[in-house]
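Colleague: Please take a close look at one buried part of this model. Then work outwards to the rest, and explain each term as you go.

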Amino acid sequence: MTTYLVVGAGPSGLGCAVALAQGTGARVVLIDRIPVTGGETGWDEPHVRQLTARAEAAGVALRLGALAVRWQDRRLLLISPMGVERLPGDHLFYAGGRRPATQADLGITGQRPAGVLPATVVEHLLTSGVALWQRPLIIGNDIWAAPLAAELRHRGSTVLGLGDADWADERFPDGRVEVLGTHRVEGVRVHTGADTVGITCDGIVLAADARPNRNVDGALFDDADGVTFVQSLTVVGAVERAADGAAVARAWIHSQGESA
Amino acid sequence: MSPRSDYDVLIIGGGVLGTAVAERLARTETRVGLVEAENDVAEHASKGNAGVAVSYYGAPGTLETQLINTSAPLWEEVCARLDVPYRRIGGVMVALDAAEAERLEHTHQEVLACGVAVQALDARQVLAREPLVTPHAVAGLLLPDEGIVDPMRLTAAYARLAATNGCDFRFAERVVGIERDSDEVLAVITPTSRLTARFIVNAAGVGAAGISRIAGGEPLVSRPRKGQYAVVDRAFGQRLSSIVFCTHLPDTKGTNVVPTTHGSVLLGPTAQDIEDPDDRATDAETIESVVDRAARLVPEVRDAYIMKTFAANRPAGDEQHRLRFDTKVPNLLHCTDRSAGVSISPAAADYTLGLLREAGLDAPDRPSAQRVLPPVPRLRTSEHPERLIAENPSSGMVVCACEQVSSAEIEAALTGPVPATSVEGVRKRTGAGYGRCQGSLCLAGISFMTAMNTGTDPATVMHTTRGTVGS
């Protein structure tokens, strides 16, 4: 029997798994590193609950709390506190979500002091009640930026932004960023062509240019063998991401029909 | 032996040389202590270097070459004993034109004179040995005994075994003064302590000249030489089988392409003499030149994914290496090297002990001392992850997905002798957060684990050794 593996049980992966189960007679296994569905959207989001119920009704097998590590020879290596599994699969659908661009991705240079954090980490720390910074600079304006700006402002911070950052309390020209400060972040210089602007800040949030989050060996690059990536970088919202995941699955089913 | 001293030997500096000496001395009947200005070992040069355990580094007949020759065959044994990753993968030095081929021939003769294994390669043999090298290579040298080591794990392991055997580590204690009794050093002063010792080992790296100055010793020269690096993703690194060196220039070793034990590849370093040891800033122009120069050796690095760029300062000065007593202060022993600290560390530790014994330190070896660090099970490199997880389910709980670092490994780094006390300390000991997402997924979790183990609030937990995550 044909088996399809879907890695990532956020809305995209759920949508993809449901469409595969309903559109083919295959066995579908949905895998996630954390022990609940929902991914970055969260398990208790109503649409996630609904999708999870639909996946179970469609016969999707949930394999939660296990990390996919390697895809090789049509087997997916899973690691969990329960042990090691090598799941056979005919095709892998990878829905690993997105992450903000790193300092290297953005060509950020200068010192490497404490207080430069990816937006996903800042979200996590704030949710856990960790107090962060008086004058944070949010670099970039991807999906994380506006909500984090609101949250930081709500906790009393003055939020700085670059370029078209309309959520910022203070806006500065966009450009290539150089970090200052030997122990903690003390500021940045922004190089904009001929000009250089100095900004004082005590923390930096990396919230630019979403990248596909990929860390399964053998499923890293777009041309990986036997892998379809379900990683829209622009679609926002649980309903929309689930629809996108389903669309990727249907397109793939359609392409299989044509090649058969 | 003066019973009134706090220590027989007090080492200043928790870099690779200071900790290697501490580990060796702690296996003798010596009361040994180590003071470090930062709040962890392996900061500065011991953190920011290429991790090459060289077989050849310079002219024959020098003490440095003698120590490299002695250390080179020991690496497998040393790293097995210390639970440190090491691989003897060999190095290919590449000449790109006729002028470089001529200099390479000079290097060839020098390597032979050092008594080190080497083989001349023609253009075809260079590519056969390392297919990723540019087809424009005209000649090469194979140095089969070159190896790669994790310099942070090495330093942390020296420290952990030293502490296990009784070495007293004192962190965040910058030496601010040194008391003398006639010619000799009597005590080292830090902001919180006065520490007396019979012998002082100056292993302060870039800070060595400052230590000598306040001790009333010789006027040494040690200044920071900044090196900038770019780190290339493991997906590319797994295709590269050897270290690729450029032909040595007369004044510098140049920019190389070096696989790491993590599987990533380091491009660098550059060499820039600077004034401020805290200046560890990268700049766009230099990083671009690093990639350009690396791509002349291995063209495909230009399209490979760069995960991170960084800079670190190695100690430059008027002497390439300095393992000897001060000529003015008889109980002050200098122990620094320009940039081969990692490579000489196994032999330098024995050599330093020898110098101290000659000077009257009564330090017989202690047969009961522990020689081996119990290995920490590492998920990514384990051949039998099933067994690991069966023994400890935390080994199957992956915190850093990119580098496949388990919660058990992080726990081990945060506990035991000389533990990590910061998120950066965890990274140095485990590689967590070092991968392609640079901690986007795992840094919050690592911050919480660090806070829990250090008894701090997550907002004030240390991120680097000097700055907190939040607040």
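Modeller: The answer starts with one strand of chain B, then moves to a helix and on to chain A.

This is a predicted model, where local features need pLDDT of at least 70, side-chain atom pairs count only at pLDDT 80 or more, and totals for chains, interfaces and linings use all residues. Residues are numbered from 1 along each chain as its sequence is written, while chains are lettered from A and ligands numbered from 1 in the order in which they are written.

Confidence comes next. The predictor gives the complex an ipTM of 0.94 and a pTM of 0.96. Chain B has an average pLDDT of 95, and 99% of its residues score at least 70. Here pLDDT is the predictor's confidence in each residue, from 0 to 100.

Now the close look. The part is strand E7 of chain B, residues 139-143. Strands (E, at least two residues) and helices (H or I, at least four) are DSSP runs, numbered from the N terminus. Is E7(B) enclosed or open? Five of its five residues are buried, so the strand is largely enclosed by the rest of the structure. A residue is buried if 20 or more other C-beta atoms lie within 10 Å of its own, exposed if 12 or fewer, and partly exposed in between, with C-beta atoms placed from the backbone.

Look at which way the residues point. Ala139(B), Leu141(B) and Leu143(B) point one way from E7(B). Gly140(B) and Leu142(B) point the other way. In a regular strand the side chains alternate between the two faces of the sheet.

Which strands pair with E7(B)? One is strand E5 of chain B, residues 91-95, joined to E7(B) by five bridges and running antiparallel to it. In this pair, Ala95(B) stands opposite Ala139(B). Another is strand E6 of chain B, residues 119-122, which pairs with E7(B) over four bridges, again in the antiparallel sense. There, Ala120(B) has Leu141(B) as its bridge partner. Two strands count as paired if DSSP finds at least two bridges between them. Strands of a sheet pair through backbone hydrogen bonds, either parallel or antiparallel.

Compare a helix of this chain. Helix H3 of chain B covers residues 75-82, and its buried residues are Trp75(B), Val78(B), Cys79(B) and Leu82(B). They span an arc of only 90° around the axis, which puts them on the same side of H3(B). The arc is that of the directions from the helix axis to the C-beta atoms. The face turned away from that buried side carries the exposed residues Glu76(B) and Glu77(B).

One record entry belongs to chain B too. UniProt, in an unreviewed entry, places "domain: BFD-like [2Fe-2S]-binding" at residues 398-445. UniProt positions use the numbering given here, feature names are shortened, and annotations may be inferred rather than shown by experiment. The span is 40% helix and 10% strand, and its end C-alpha atoms lie 11 Å apart.

On to chain A. It has five helices and 19 strands. Its C-alpha atoms fill a box of roughly 60 × 35 × 35 Å, taken along the principal axes. Of its 260 residues, 50% are buried. The domain assignment gives domain 1 (3-97 + 213-259) and domain 2 (109-206). Such bounds come from an automatic or database domain assignment. The centres of the two domains, taken over C-alpha atoms, are 33 Å apart.

Two of the sheets in chain A make a useful contrast. One is an open sheet of three strands in the order E4-E5-E6, with antiparallel pairing. Its edge strands are E4 (67-72) and E6 (83-88), each pairing on one side only. The twist averages 25° from one strand to the next. Axes are lines fitted to C-alpha atoms, for helices over the stretch in contact, and angles run from 0 to 180 degrees between N-to-C directions. Six bridges join E5(A), residues 75-80, to E6(A). Here Leu77(A) stands opposite Arg86(A).

The other open sheet has five strands in the order E10-E17-E11-E12-E13 of chain A, with parallel pairing. E10 (116-118) and E13 (170-172) are its edge strands. Inside this sheet, E11(A), residues 136-139, and E12(A), residues 160-162, pair over two bridges. Leu137(A) stands opposite Leu160(A) there.
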